[in-house]
Amino acid sequence: MAAEMALVKPISKFSNVTPKFGTPRMGSYSKFSIIRMSASPTTTTTSTSTKPSKKGNKTSIKETLLTPRFYTTDFDEMETLFNTEINKNLKQAEFEALLQEFKTDYNQTHFVRNKEFKEAADKIEGPLRQIFVEFLERSCTAEFSGFLLYKELGRRLKKTNPVVAEIFSLMSRDEARHAGFLNKGLSDFNLALDLGFLTKARKYTFFKPKFIFYATYLSEKIGYWRYITIYRHLKANPEYQCYPIFKYFENWCQDENRHGDFFSALMKAQPQFLNDWKAKLWARFFCLSVYVTMYLNDCQRTAFYEGIGLDTKEFDMHVIIELELPLKACDK
């Protein structure tokens, strides 16, 4: 209830920008492109034709420290952490309850598109159109990154801890579903990410398991608060509802919330990652770095948030405050 009430005042201040939508122009965006991001930090491959094609001309795209990344970790250490014979802090009953939640698959039939998507995309033009494309590309890459990591963890932990392994596999199902839905959104703008190419060509960033836990917990919970905030804002201010993907955010964000709850349970089963002074410093460092990254990313894309009627700074501060409330409660 506190979170619900906290949304009322900040949201009312977000809607201070005029929507930037155009009228549909038939045939304006007829070409279709396949986007390939290479392992090189400065190149992608883009194919343009009347039909999707895997061949194409190379174009330059700048990749920075703020670009969504693919992650890998020490899988041997992960197996040790989730070995029930070694780690007596693992509460299998809690994980089994979480597994039943994931098996229910509440959003199995949620991500179903309709003709609104293409019609809305054709109405978005000018700079806002490119901003929406970038939003879909980055979001798809981030979700696909989660899919790859969770899928590998599910595979590697299958013998050590089948329950935890299955949860990771079901989370990878969710992330794949999200990435596919976002990639379908790109098709409304006559584009598509070559996810198979990304899997092989993209560089992977190594994080130790405890850093994977910190980063993914924060990422999933931030995702929840960003999605639910945008959804509630647009429900209250429908004149900014320029693309139907935002209508899916209410149920979508519950996937992010469940993923975050799972990582919360994982960290509680690893007290060495939470309770000593070094762990607390690392946790706060990751909070700060994730918040700064989110803020810098969003400041670079103020036009996107203005396009849906949000004030970027107030939006980010709202998300951070909502996320900090349970974190502070855990510290007491």
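This is a short walk through some helix contacts and one aromatic pair in a predicted model.

**Stop 1: helix 7**

Start by selecting residues 162–188, which make up helix 7. This helix has 27 residues and runs 40 Å from its first C-alpha to its last, close to the 39 Å expected at 1.5 Å a residue. Now step just past its end to Asn 190, where phi turns positive, at about 65°.

**Stop 2: add helix 10**

Keep helix 7 on screen and add residues 249–268, which are helix 10. The two pack at an angle of about 150°, and their axes are 11 Å apart. Angles over 145 degrees count as roughly antiparallel, so that is the label for helix 7 and helix 10. Their crossing is left-handed.

To see the contact, show side chains. On helix 7, pick Val 164, Ile 167, Phe 168, Met 171, Asp 174, Glu 175, His 178, Phe 181 and Leu 182. Facing them on helix 10 are Trp 252, Asp 255, Glu 256, His 259, Phe 262, Phe 263 and Leu 266. Colour by class and you get 10 nonpolar, 2 polar and 4 charged residues.

**Stop 3: swap in helix 5**

Hide helix 10 and select residues 116–123, helix 5. Its axis comes within 8 Å of the axis of helix 7, and the two cross at roughly 50°. Helix 5 and helix 7 are therefore oblique to each other, and this crossing is right-handed.

Which residues make the contact? From helix 5, select Phe 117, Lys 118, Ala 121 and Asp 122; from helix 7, take Phe 181, Ser 187 and Asp 188. The class count here is 3 nonpolar, 1 polar and 3 charged residues. You have met Phe 181 already: it is also on the helix 7 side of the contact with helix 10.

**Stop 4: helix 9 against helix 11**

Clear the view and bring up helix 9 (209–236) with helix 11 (residues 277–299). They pack at about 45°, axes 10 Å apart, which makes helix 9 oblique to helix 11. The crossing is right-handed.

On the helix 9 side, select Lys 210, Phe 211, Tyr 214, Ala 215, Leu 218, Ile 222 and Arg 226. Helix 11 answers with Ala 279, Trp 282, Ala 283, Phe 286, Cys 287, Val 290, Tyr 291, Met 294 and Asp 298. How many polar residues are in this contact? None: the count is 13 nonpolar and 3 charged, with no polar residues.

**Stop 5: an aromatic pair**

The structure holds 45 aromatic pairs, and one of them makes a good last stop. Select Phe 132 and Tyr 243: they sit edge-to-face, 6.0 Å centre to centre with 75° between the planes. Zoom out and you'll find Phe 132 in helix 6 (residues 127–156), while Tyr 243 is in the loop between helix 9 and helix 10. The pair links distant parts of the chain, 111 residues apart.

Conventions:
Residues numbered from 1 in each chain as written. Predicted model: local features only at pLDDT ≥ 70, side-chain atom pairs only at ≥ 80, totals over all residues. Heavy atoms only, no water. Axes fitted to C-alpha atoms, helices over the stretch in contact; angles between N-to-C directions. Helix = DSSP H or I, 4+ residues; strand = E, 2+ residues; numbered from the N terminus. Parallel < 35°, antiparallel > 145°, perpendicular 65-115°, else oblique. Left-handed = near helix turned anticlockwise from the far one by under 90°. Contact = heavy atoms within 4.5 Å. Nonpolar A, V, L, I, M, F, W, Y, C, P; charged D, E, K, R; others polar. Expected span 1.5 Å × (residues − 1). Phe/Tyr/Trp six-rings, centres within 6.5 Å; stacked < 30°, edge-to-face > 60°.
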